[in-house]
Amino acid sequence: YTVVDSLIKPLTLEAGRMSWALLRHPEGLECSIFITHAWAEGAFELADKLLRSWPRRKQGAWCCIFANPQNLDISQLISTPKTSPFAKALDMSSHMMVVPN
């Protein structure tokens, strides 16, 4: 929560309430990895686990922390799970990374 509240939300709010991913890559990136994680882990722990397990030759990844606009109410986007950003990213990805606490 700390990284989202102290870094991602302020920066993306100032930039127009977009997601961190769109702020960094306005043209978007191809998603080959879907990352699922628990909010309970720390940012450094999450980054370390991802870097140690990253699939070879894969670049673009979808992770809700960065892909969803953290300053907006996304309840409407996720009201139908089959068409939610999570489902679309999962469908496009060739790999899934499950990061435990």
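1. Leu7 is partly exposed, its relative accessible area being 41% in this predicted model. The residue belongs to helix H1. Because a residue counts as buried only under 20% and as exposed only over 50%, Leu7 falls in between.

2. Leu7 also takes part in a nonpolar surface patch together with Val3, Leu11 and Leu23. The accessible area of these residues together is about 270 Å². H1 provides the largest share of the patch, with 3 residues.

3. The largest nonpolar core has 10 residues: Val4, Ile8, Ile33, Ile35, Leu46, Leu50, Cys63, Ile65, Met97 and Val99. At least two of its residues come from each of helix H1 (2-14), strand S1 (33-37), helix H3 (43-53) and strand S3 (95-99). Apart from this core lies another, of 5 residues, including Phe34, Trp62, Cys64 and Ala89. In soluble globular proteins, nonpolar side chains tend to be buried together.

4. Cys63, a member of the largest core, is in contact with Ile35 and His37 when its neighbours within four places in sequence are left aside.

5. Helix H3 merits separate comment. Its residues Leu46, Lys49 and Leu50 are buried. They lie on the same side of H3, because the arc they cover around the axis is only 100 degrees. An α-helix has 3.6 residues a turn, so residues three or four places apart point the same way.

6. The buried residues of H3 pack against S1, helix H4 (64-67) and S3. Phe44, Leu51 and Arg52 are exposed, on the face of H3 turned away from its buried side.

Note on methods: Residues are numbered from 1 along each chain as its sequence is written. This is a predicted model: local features need pLDDT of at least 70, side-chain atom pairs count only at pLDDT 80 or more; totals for chains, interfaces and linings use all residues. Side-chain values use heavy atoms; hydrogens and water are left out. A nonpolar core is a set of buried Ala, Val, Leu, Ile, Met, Phe, Trp, Tyr and Cys residues joined through side-chain atoms within 4.5 Å. Buried means under 20% relative accessible area, exposed over 50%, partly exposed in between (1.4 Å probe, protein chains only). Helices (H or I, at least four residues) and strands (E, at least two) are DSSP runs, numbered from the N terminus. Contact means heavy atoms within 4.5 Å. Patches are made of residues with over 30% relative accessible area and no salt bridge: like charges are joined within 9 Å, nonpolar side chains (Val, Leu, Ile, Met, Phe, Trp, Tyr) within 5 Å. Accessible areas come from the Shrake-Rupley method with a 1.4 Å probe; for residues, only the protein chains shown count as cover. A salt bridge is a side-chain nitrogen of Lys or Arg within 4 Å of a carboxyl oxygen of Asp or Glu. The arc is that of the directions from the helix axis to the C-beta atoms.
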